[in-house]
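Hi,

Here is the structure I promised to pass on to you. Have a look at it first, then read my notes underneath.

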Amino acid sequence: MKFHLIRKTLRLALVTCLLISTASLYAQQARLHTTNHHAWLMYFGNHKFSERFGLHAEVQWRRHDLFAESQQLLLRTGLDYYLKNGARLTVGYAFVETYPYGDFAVANAFPEHRIWQQLATTQTLGKVRLAHRYRIEQRMIGNSATGEFENGRFEHRFRYMAKASVNLTGGEHPVFAAVYDEIFINAGKDVAYNIFDQNRAYAALGYTFSPTWKLEVGYLYQLVQLRSLDTTAGTRNRIEDNHTFQVGVYSTIGFVK
């Protein structure tokens, strides 16, 4: 019961932050917008090596202007712990390299190191499978002016994702549809006014190759409020509307029987 109340409290807090941050974002008149088209190729693996423990392995190759230019490289790993109720706890590390792209390009490519913690839960409502993901990140972000890690910034980020999927066909290799939405909220002294980070809305079709392998091909709409230290009117809120083609491979193949 306590676990259920904690989940409901976290979800309510994140929704409240979203409403407050979104209202603040659109209440300001001076905003600069740009539109980008990306392509993300992704691998997500959760590989058990015992009854309770497993390895999280993730690679994301993100491209700008579809596949023309580099946007970002993300490498993420972690240690999974499987609870008896089917939930999964994870703690891990991620390395991110962000490259200059688009109208609001940074001066130089810069690195980022992240420590992250996560709770993932699932439930079934009739034929619909629901997944909830609660993630906290401690972000050590490099300096885009120099391209070096020194003289960067540190901040926290809270993320909540709700995903629904349903099989469209039967058999051993069903085709399925999936949708999700994820909200990102910043925290920490280096965040200043920019609490709302981004929101992602996603829809995809998928194919189940086996009980441990599946593929998703979909579309992601990403609304991003970029960081700016310039206080000149019209530069504090720079908004990206990103349209992204995504291909994701998911694996749960284990290291033990």
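Below is what turned up, starting with the whole chain and ending with three residues.

First, the small print. This is a predicted model, in which local features need pLDDT of at least 70 and side-chain atom pairs count only at pLDDT 80 or more, while totals for chains, interfaces and linings use all residues. Residues are numbered from 1 along each chain as its sequence is written, and side-chain values use heavy atoms, with hydrogens and water left out.

**The whole chain**

The protein chain has one helix and eleven strands. (Both are DSSP runs numbered from the N terminus: helices are H or I with at least four residues, strands are E with at least two.) Reading from the N terminus, the helix comes before the strands: α-β-β-β-β-β-β-β-β-β-β-β.

Of the 257 residues, 42% are buried, where buried means under 20% relative accessible area, exposed means over 50%, and partly exposed is in between (1.4 Å probe, protein chains only). The chain exposes about 13,400 Å², and carbon and sulfur atoms supply 65% of that; the areas come from the Shrake-Rupley method with a 1.4 Å probe, and for residues only the protein chains shown count as cover. If you take contacts between residues at least 6 apart in sequence, 55% join residues at least 24 apart. Contact here means heavy atoms within 4.5 Å.

**The barrel**

How do the eleven strands close up? They form a barrel in the order β1-β2-β3-β4-β5-β6-β7-β8-β9-β10-β11, with mixed pairing. On average, neighbouring strands of this sheet are turned by 20° against each other, direction ignored (axes are lines fitted to C-alpha atoms, for helices over the stretch in contact, and angles run from 0 to 180 degrees between N-to-C directions). Two strands pair if DSSP finds at least two bridges between them.

Strand β11 is a good one to click on. Strand β1 (residues 32-48) runs parallel to β11 (residues 238-251), and 14 bridges join the two. Along that seam, T34 has E240 as its bridge partner, and M42 has G248. Strand β10 (residues 213-226) is also joined to β11 by 14 bridges, but this pair runs antiparallel. There, L215 is partnered with V249.

**Three residues to look at**

E97 sits in strand β4 (residues 88-98). What is the nearest side chain of opposite charge to this buried residue? It is R114, 11 Å away, and E97 has no salt bridge. (That would take a side-chain nitrogen of Lys or Arg within 4 Å of a carboxyl oxygen of Asp or Glu; for charge, Lys and Arg count as positive and Asp and Glu as negative, with His and the chain ends not counted.) Beyond four places in sequence, E97 is in contact with residues including Q71, L73 and F110.

E137 is in strand β6, and it counts as buried because its relative accessibility is 0%. Beyond four places in sequence, its contacts include R76, R114, W116 and R159.

N143 lies in strand β6 (residues 128-143) and is buried too, because its relative accessible area is 18%. N143 and F110 are 33 residues apart along the chain, yet their C-alpha atoms are separated by 6.2 Å.

Happy browsing!
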